[in-house]
Amino acid sequence: MMYIVGFFVGILNGLFASGAGQFLVFYFIYILKMETHKTRALSVSVISISSIFAIFGYSGFVHFEWGIIITLVIIAIIAGIIGAKIMK
């Protein structure tokens, strides 16, 4: 089951960006009965790694604005740390 979910999440992430995270949260909470805090952390981790690899799929036909991407990533890292501390 986990392999099917992983495959499905990868396809969704490639098609719809991070919308696959909602599917993961549902799977972790209702199927695997995980705690909410663990679910959020694991979902974000899986989607982040999947998104990095999705970039390779897009790189053949999309031009990336790396300056914008790097700026947004830095801001998102800082905001993610703040958000995780607030949720604690």
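**A four-helix model, viewed from its loops and its core**

Lys33 sits in the loop that links helix H2 (20–31) to helix H3 (36–58); helices here (H or I, at least four residues) and strands (E, at least two) are DSSP runs, numbered from the N terminus. The model is a predicted one, so local features need pLDDT of at least 70 and side-chain atom pairs count only at pLDDT 80 or more, while totals for chains, interfaces and linings use all residues. Residues are numbered from 1 along each chain as its sequence is written, and side-chain values rest on heavy atoms, with hydrogens and water left out.

Back to that loop. Lys33 is not a glycine, yet its phi is positive, at about 60°. With 65% relative accessibility, Lys33 counts as exposed (exposed is over 50% relative accessible area, buried under 20%, partly exposed in between, with a 1.4 Å probe and protein chains only).

As for the chain overall, the secondary structure comes to 4 helices and 0 strands, in the order α-α-α-α from the N terminus. The C-alpha trace spans about 40 × 35 × 15 Å along its principal axes. Of the 88 residues, 17% count as buried. The accessible surface comes to about 6800 Å², and 76% of that belongs to carbon and sulfur atoms; these areas come from the Shrake-Rupley method with a 1.4 Å probe, and for residues only the protein chains shown count as cover. Among contacts (heavy atoms within 4.5 Å) with a separation of 6 or more, 40% are between residues 24 or more positions apart.

On confidence, pLDDT is the predictor's own score for each residue, from 0 to 100. The chain has a mean pLDDT of 83, and 97% of its residues reach 70 or more. Among the elements, H1 has the lowest mean, 78, and H4 the highest, 89. As a general caution, predicted coordinates should not be read in detail where pLDDT is low.

Now for H2 itself. The 12 residues of H2 should span 16 Å at 1.5 Å a residue, and its end C-alpha atoms are indeed 16 Å apart (the expected span is 1.5 Å times one less than the number of residues). Its buried residues are Ala20, Gly21, Leu24, Tyr27 and Phe28. They cover an arc of only 120° around the axis, which puts them on the same side of H2; the arc is that of the directions from the helix axis to the C-beta atoms. The pattern fits a general rule: an α-helix has 3.6 residues a turn, so residues three or four places apart point the same way. The buried residues of H2 pack against helix H1 (2–16) and H3, whereas the face turned away from the buried side carries the exposed residues Gln22 and Tyr30.

Much of this carries over to the largest nonpolar core, which has 8 residues: Val5, Val9, Leu12, Ala20, Leu24, Tyr27, Phe28 and Ile47. A nonpolar core here is a set of buried Ala, Val, Leu, Ile, Met, Phe, Trp, Tyr and Cys residues joined through side-chain atoms within 4.5 Å. H1 and H2 each supply at least two of the core residues, and the largest share, 4 residues, comes from H2. Ala20, leaving aside its neighbours within four places in sequence, is in contact with Val9, Leu12, Asn13 and Ile47.

H3 has 23 residues and reaches 32 Å from its first C-alpha to its last, close to the 33 Å expected. Its buried residues include Thr39, Ser43, Ile47, Ser50 and Ala54, and what covers the buried residues of H3 includes H1 and H2. Thr39, in H3, is buried with a relative accessible area of 1%. Apart from its neighbours within four places in sequence, Thr39 is in contact with Val25, Phe28, Ile29 and Met34.

Further on comes the loop between H3 and helix H4 (66–87), which holds Glu65 and also His63. His63 is exposed, with a relative accessible area of 65%, while Glu65 is partly exposed at 46%. Glu65 and Ile52 are 13 residues apart in sequence and 15 Å apart in space, C-alpha to C-alpha. For His63 and Ala41, 22 residues apart along the chain, the C-alpha atoms are separated by 30 Å.
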